[in-house]
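Student: I have a new structure open and would like to learn how to read it. Can we go through it together?

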4 protein chains.
Amino acid sequence: MRYLEVDQQGVVFNMWYLGYFDEAMAYFLDDGGLPYSDLLGSGLDVQLVHSEIDWRSSLRFGDEAWVDVTLEHSGTTSFGLRFDVSAGAQTVAIGRTVYVVVATDGSGKRPIPPRLAAALGPAGGEG
Amino acid sequence: MRYLEVDQQGVVFNMWYLGYFDEAMAYFLDDGGLPYSDLLGSGLDVQLVHSEIDWRSSLRFGDEAWVDVTLEHSGTTSFGLRFDVSAGAQTVAIGRTVYVVVATDGSGKRPIPPRLAAALGPAGGEG
Amino acid sequence: MRYLEVDQQGVVFNMWYLGYFDEAMAYFLDDGGLPYSDLLGSGLDVQLVHSEIDWRSSLRFGDEAWVDVTLEHSGTTSFGLRFDVSAGAQTVAIGRTVYVVVATDGSGKRPIPPRLAAALGPAGGEG
Amino acid sequence: MRYLEVDQQGVVFNMWYLGYFDEAMAYFLDDGGLPYSDLLGSGLDVQLVHSEIDWRSSLRFGDEAWVDVTLEHSGTTSFGLRFDVSAGAQTVAIGRTVYVVVATDGSGKRPIPPRLAAALGPAGGEG
């Protein structure tokens, strides 16, 4: 986390978690063999249609946080990821996001291409 | 919205909606007669424990957006707000957040004080 | 300012001032008769090549801040603005930024067009 | 850099550089043997009083950027850092910031303590 993300309460302000999830999603795809730049290069992008976050604790400046990513479901044009944010042994937050695949030219939804499906792996697998 | 909130896709990046909700929450309390600074001054603050957002559309730079706030539920130590984000006649996103009241000295949860309950008004009312 | 911009020190984190200047620049052009969207629509944009900020004080959550914009200089392809940030009678910060006019198609610098020159007004004038 | 920092022009929006400098400053002190949390723990903090940035190029999403930190000057209560931001062989931006040391209890400026002076090293040295 960055100092600028910590608010007057001394904890990371809520919106930055969505920034972390975006970054973690890109790492997850990259780990699966699909750099995000390759996805864009193929004329496709992902767009967030749903997010939810449950906080059980908070992050303070200097905390080492981890984000684990899991594929929860995958359909024809959308997929859902789960993000477990932890610091040490403590669960800080659990997030869920649903993305649709869209064309970068603005022409709308697209089916999940084989290379993205391969990068996502089977639902329920660990990221 | 600000230019800096618009990403490479040409739309407001998802995390900024949580920033808008935070700002809208403060206006909502202020409209109800409780400036946020008064809440802090009384030794209390609100902390987000849950958020969810469903996007139906997106915001482009220059769009005029509105955020309507409604109280969805109110309990002993927590309350839930609904945020309807629209641009013109179009619904852009619907958000829901749940807050708990906490002491600013870090000593934990507190019951919703009468002045905050008054500011929130009855559940289901318009903000 | 927004709550999310206030850091652990209880003051607006430095980077947000550049966000305020960007917003104030767009208002300044708009006041001069050139909405930023019209500039973009004409195939031109402005790009920051220099910024400097001197802080004399800071902003706390709830402070009412004002940003006054003045044109400091204007050349063939660039112009410089000065931003005076104040809260009440107090000067909080003084910023200076230099912009170049560029084509939105990525083909590089362009001369300041007549409509932008008119919107900027004479150097030394008040925004 | 993060996707959310990239604006509609496809480049990192200017204000995020001040965020990078803040992060690089903390790493610089840490490399010199003074974790930022130790500085805070000793009742001291640093506050930005001046910043300037000259951009020669820009950063696109996926670019690998480096920030080199050098101590430019060091006085009784203030010090100045220089930040060279590069991507590959290209200089992207050069930043300069001046900090004063302040007490975390709000009682104002303090002399640079020995441990911070040691962490900063001699002026002109490489970070």
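Tutor: Sure, let's start where two chains meet: 22 residues of chain A and 21 residues of chain B make up the contact between them. Keep in mind that this is a predicted model.

Student: How much area do chain A and chain B bury between them?

Tutor: First the general idea. The size of an interface is often given as the accessible area lost when the parts come together. Here chain A and chain B bury about 1800 Å², and carbon and sulfur atoms account for 54% of it. On the chain A side, the residues that lose the most area to chain B are A:Gln9, A:Met15 and A:Trp55, which together make up 28% of what that side buries.

Student: What about polar links, then? How many salt bridges and how many polar contacts does the rule find there?

Tutor: Between chain A and chain B the rule finds zero salt bridges. Polar contact is another story: twelve residue pairs across that interface are in polar contact, both residues at pLDDT 80 or more.

Student: Which elements of chain A supply the side that touches chain B?

Tutor: Helix H1 (16-31), helix H2 (36-41) and E1 of chain A each give at least two residues to that side. E1(A) gives the most, with eleven residues. Sorted by character, the residues on the side of chain A that touches chain B are eleven nonpolar, seven polar and four charged.

Student: Now to the copies. How can chain A be laid on chain B?

Tutor: The general idea again comes first. Two copies of a chain are related by a rotation about an axis and a shift along it. For chain A and chain B, a turn of 180° with a shift of 0.0 Å along the axis does it, with an RMSD of 0.0 Å. If you want to find that axis on chain A, look for A:Glu52: its C-alpha is the nearest to the axis in that chain, 2.0 Å from it.

Student: And through which surface do the copies meet?

Tutor: The copies meet through the same surface, because 95% of the interface residues of chain A are also interface residues in chain B.

Student: Let's move to chain D and chain B. How many residues does each give to the contact?

Tutor: Eleven residues come from chain D and eleven residues from chain B. The area buried between these two chains is about 1000 Å², with carbon and sulfur atoms giving 64%. In chain D, look at D:Tyr3, D:Leu4 and D:Gln8, which lose the most area to chain B and together make 57% of what that side buries.

Student: What does the rule find across that one?

Tutor: Across the interface of chain D and chain B there are zero salt bridges and two residue pairs in polar contact, both at pLDDT 80 or more. The side of chain D that touches chain B has seven nonpolar residues, three polar and one charged.

Student: How are chain D and chain B related as copies?

Tutor: Chain D can be laid on chain B by a turn of 180° and a shift of 0.0 Å along the axis, with an RMSD of 0.0 Å. That is the relation of a two-fold axis. The same surface serves both copies, as 100% of the contact residues of chain D recur in chain B.

Student: How many aromatic pairs are there over all chains?

Tutor: A search of the whole structure finds 36. One of them is A:Phe61 with D:Tyr36, an edge-to-face pair at 5.6 Å centre to centre, with 90° between the planes. A:Phe61 sits in the loop between strand E1 (44-55) and strand E2 (66-74) of chain A, while D:Tyr36 is in helix H2 (residues 36-41) of chain D, so the pair joins two chains.

Student: And how many salt bridges does the structure hold over all chains?

Tutor: There are 20 over all chains. Among them, C:Arg96 and C:Glu72 meet through their side chains at 2.9 Å, N to O. This pair links distant parts of the chain, 24 residues apart: C:Arg96 is in strand E4 (residues 90-103) of chain C and C:Glu72 in strand E2 (residues 65-74) of chain C.

How values were computed. Residues numbered from 1 in each chain as written. Chains lettered and ligands numbered in written order. Predicted model: local features only at pLDDT ≥ 70, side-chain atom pairs only at ≥ 80, totals over all residues. Heavy atoms only, no water. Contact = heavy atoms within 4.5 Å. Buried area = accessible area lost by both parts, 1.4 Å probe. Salt bridge = Lys/Arg side-chain N within 4 Å of Asp/Glu carboxyl O. Polar contact = N/O pair within 3.5 Å; in protein donor to acceptor, adjacent residues only side chain to side chain. Nonpolar A, V, L, I, M, F, W, Y, C, P; charged D, E, K, R; others polar. Least-squares fit on C-alpha atoms with pLDDT ≥ 70 in both. Phe/Tyr/Trp six-rings, centres within 6.5 Å; stacked < 30°, edge-to-face > 60°. Helix = DSSP H or I, 4+ residues; strand = E, 2+ residues; numbered from the N terminus.
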